[in-house]
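Me: I'd like to learn how to read a structure like this one, feature by feature. Could you walk me through it?

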Amino acid sequence: MTISRPLKTTLLLGLTMPMSLFILGVYNGVMQTLYRAGVLQQHDVAGINYYQGLTMHGVINAIVLTTFFAVIFGHYTIVHYLRKEPPKWSYITSIVFMITGSVIALVVMVLGKASVLYTFYAPLQAAPLFYIGTAMLIIGSWIAFAGWVPLWFEWKRENPLSKMPIAILGTFVNFTMWFMASIPVIYELLALLTPWAMGIREKINVPETRTLFWMFGHPLVYFWILPAYIGYYTMLPKIAGGKLYSGNAARLAFLLFLILSTPVGVHHQFSEGGISPSIKLWVSILTFGVSLPSFMTAFTVGASLEYAGKKRGAKGVFQWMARLPWFRKDNYLFGYFICGLILFIFGGLSGIVNGSYTLNQLVHNTGWVPGHFHLTVAGPSILFILGLTLYMFNHVSGKPLKHRATATIIPYLWTIGVAMLAHGLMAGGLMGEPRRTNMGLTYTNPESHLFNSAWVPSSTMTMLGGIIMGTAALLYFVIFFRMAFSRPTTTPKIEMIESEELHIEKPIPLLLNMRPWIILAIILVASTYYPSFKEVFKYSKPVDNRFDMENPANLNRNNE
Ligand code: HEM
Ligand SMILES: [Cu+2]
C-alpha cells in the first residue's frame, strides 16, 4: 500500500533516531563488560562513569529503542492490515512527544545528572527533567495508540463478518496492556519523583515508588517481546515456507498475556520487606501462569516450522530442522526470527528460576539476572527489532538494502555473543557475582584486597560475548546507515509478510472479543496490588533521604 508523506517521514524518523542512540547503548554495554572483567580498573572512560553508562545502556536500549519500535511497528501493522492511515494529529503529536522526551532524557544522562539506572529507584535522585523526559516518551506512545482505536472501529463497521487479524489483536493487546501498566509509572514520575527532585516535596515513600515502578516494569518486558510474538505467529511461518499451525492458539496466547502481564510485577520485589509472603506466593503462582502463553507460542511456532520443513521434503522426526532456510541471503529475515527463538528457550527457562519465590533468593541482585534478561530482551526482542527495522526502512523509504550476506550473518553472530555473555553472567551470578557493580575497581582487580579469582573466568566469558555482540552491532550499523544514506530506487510502500493458517478453525467468540479479558485483567491486577499497596502504606512511610550515585552521603543531611 502507498503511504502519505507525513506518515512516511514519521516512520523513518521513528526508526532512525532510536537506532542512532543505540550506538551509544551498545558502546556502554561493551564497556560494562570490560569494567566487569577487570580490563578497565577505573571509575570512568571519556568522562562517562560506570553508573552513568549503565543508566544510558538500560534507558536507551530497554526503554527508548523498544518503545519507538513498538509504536512504529504498530503504525506499520495497522496501515497494512486495516488499509487506512491513522489520523495525522495522532502520529505527529506522538512522534514529537517521543523524540522530545528521549532527547531531554538523553541530555540529562550525558550531563551526568541522572545516573539512577533505568529503574530510577528512589532515594537515588535524578534531575527533574529526566523524569519529565521519560514520561513524555511514554505519553507519546499512548497518543499513537489513541489514533489506532477509531481506525479499528471503522474497519469493523466496514467488515462486519471478518475476524480481527491476529497481528491487529497482538498490537491492541500489547498497547492495552502497556496503557494500563504505564499509568502507575506516569503517576510515579510526574506526581512523586518530579516534585521530589524539584524540592517541592520533601519526602518520598521508597517502597511505594518501587511498587509503582514494577507494576510497569514487568509488563514492560512483555511490551518488548510482543512485537516479536506477532512476527512469530504472522510472519515466520511464511518466511520458513509453511503455514501457521493454529490461529486460535495464537489468539489465546495474546489474550493470556493481556490478563497475566501486569499482576505479576511484585515478583521483582521478592526480597523486599513490607510485602507479605502470602502475596509473594500468589505472585509466584501467577508468574508460572504467564509462562503458559510462552510455552504455547513455542509449541505452535515449533509445529509451524515442522510443517514448513516437511513441505520442503523433510522426513523423520528431526530432519525438518535442517530443511529450514538457514543462512539464505534472499531470506535474511529468517535468521533474526530463528535465533531469537533459540535464545528465548533459555531465557524462558532461566526466568522460571527467577519467578520461583525461593530460588529467587539465590540469584537476587547477582549477575544471573542480567544474564537471564539478555537472553530475552537482547534475544528475541532486539533481533526482531533489528530485522524488522531493516525490512520496514527498506520498504518505507524505497532505498535498497545492500550487503544482504552481512545482513544474513549478523543475527547468528549476535546470538553466539549473547549466549556467551549470558553464560558468563549467569555462571558468575550463581557464584555470587553482583550485578550493577564496577567489578574492575575491586573484585576482578588483583591489586585489591577484595580480589576474587573465582569471578575472573565468568567475567572474561561475559566480556568475550560482549565484544562479539558489539562486532555484530557494528556490522549492523554499517548496513543500516548505508541504506539510510543512499538514494531511493523503488516507490515507498507498506507491505507486510502475511502467513496463512493451516486449518480453517471454528471461530471461538471468547477469542474474538477483548472486553471480558480487559475486565479480568483489572480484577487480577487488583488481586495483587490492592493487598500490596495496603501493606506498603502500613509498613513504610515517606523519608527525607536523597542520594546520588557518586556519593553514599545523604544529600539532605549534607545540605543542612
Ligand atoms: C553489545 C550488546 C550488549 C552488551 C555487551 C551488554 C552488556 C550488559 C552488561 C554486562 C550488563 C550488566 C551490567 C551490570 O549489572 O553491572 C547489562 C545490563 C543491562 N542491559 Fe545490556 N548489553 C548489551 C545489549 C543490550 C540490549 C540490546 C538490551 C535491551 C534491548 C540491553 C538491556 C540491558 C538492561 C536493561 C540492563 C540492566 C541495567 C541495570 O541494571 O540498570 N542490553 N548489559
Ligand atoms: Cu518480571
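Me: Let's begin with the ligand. Which residues come nearest to ligand 1?

Reply: Happy to help, and do keep in mind that this is a predicted model. A good way in is to list the shell around the ligand, then pick out its nearest members. Here the shell holds 27 residues, and Gly-29, Gly-58, Asn-61, Arg-435 and Gly-466 come nearest. Next, ask which elements supply the shell: helix H1 (5–36), H2, helix H13 (368–374), helix H14 (377–397) and helix H16 (455–484) each give two or more residues. The largest share, six residues, comes from H1.

Me: How do the residues of that shell divide into nonpolar, polar and charged?

Reply: There are 13 nonpolar, 11 polar and three charged residues in the shell around ligand 1.

Me: Now the whole fold. How many helices and strands does the protein chain have?

Reply: The chain has 18 helices and two strands. For overall form, compare the radius of gyration with what a globule rule gives. The chain comes out at 23 Å, close to the 24 Å given for 560 residues, so it is as compact as a globular protein of that length. Its C-alpha trace spans about 70 × 45 × 45 Å along the principal axes. Contacts can be sorted by sequence separation too: among those between residues at least 6 apart, 85% join residues at least 24 apart.

Me: What share of the protein chain counts as buried, and which residues of the largest nonpolar core touch the most other members?

Reply: Of the 560 residues, 51% count as buried. The largest nonpolar core has 167 residues, and those touching the most other members are Ile-72, Val-108, Ala-126, Phe-130, Phe-257, Met-392 and Val-418. Helix H2 (residues 50–82) gives this core its largest share, 19 residues. To see one member's surroundings, take Phe-257: beyond residues up to four places away in sequence, it touches Val-173, Met-177, Tyr-222, Leu-226 and Pro-293.

Me: Let me try a single residue. Is Ile-468 buried or exposed?

Reply: Count the C-beta atoms around it. Ile-468, which is found in helix H16, has 20 others within 10 Å, so it is buried. Leaving aside neighbours within four places in sequence, Ile-468 is in contact with Leu-413, Ile-416, Gly-417 and Met-420.

Me: Finally, which residues does the UniProt domain annotation cover?

Reply: The unreviewed UniProt entry places "Cytochrome oxidase subunit I profile" on residues 13–481. With an annotated span, it helps to look at its ends and its make-up. The end C-alpha atoms of residues 13–481 lie 13 Å apart, and the span is 73% helix and 1% strand.

Terms used
Residues are numbered from 1 along each chain as its sequence is written. Chains are lettered from A and ligands numbered from 1 in the order in which they are written. This is a predicted model: local features need pLDDT of at least 70, side-chain atom pairs count only at pLDDT 80 or more; totals for chains, interfaces and linings use all residues. A nonpolar core is a set of buried Ala, Val, Leu, Ile, Met, Phe, Trp, Tyr and Cys residues joined through C-beta atoms within 7 Å. A residue is buried if 20 or more other C-beta atoms lie within 10 Å of its own, exposed if 12 or fewer, and partly exposed in between; C-beta atoms are placed from the backbone. Helices (H or I, at least four residues) and strands (E, at least two) are DSSP runs, numbered from the N terminus. Two residues are in contact if their C-beta atoms, placed from the backbone, lie within 7 Å. The radius of gyration is taken over C-alpha atoms; the globule rule is 2.2 Å times the number of residues to the power 0.38. A residue is near a molecule or strand if its C-beta atom, placed from the backbone, lies within 6 Å of it. Ala, Val, Leu, Ile, Met, Phe, Trp, Tyr, Cys and Pro count as nonpolar, Asp, Glu, Lys and Arg as charged, and the others, Gly among them, as polar. UniProt positions are given in the numbering used here, feature names are shortened, and annotations may be inferred rather than shown by experiment.
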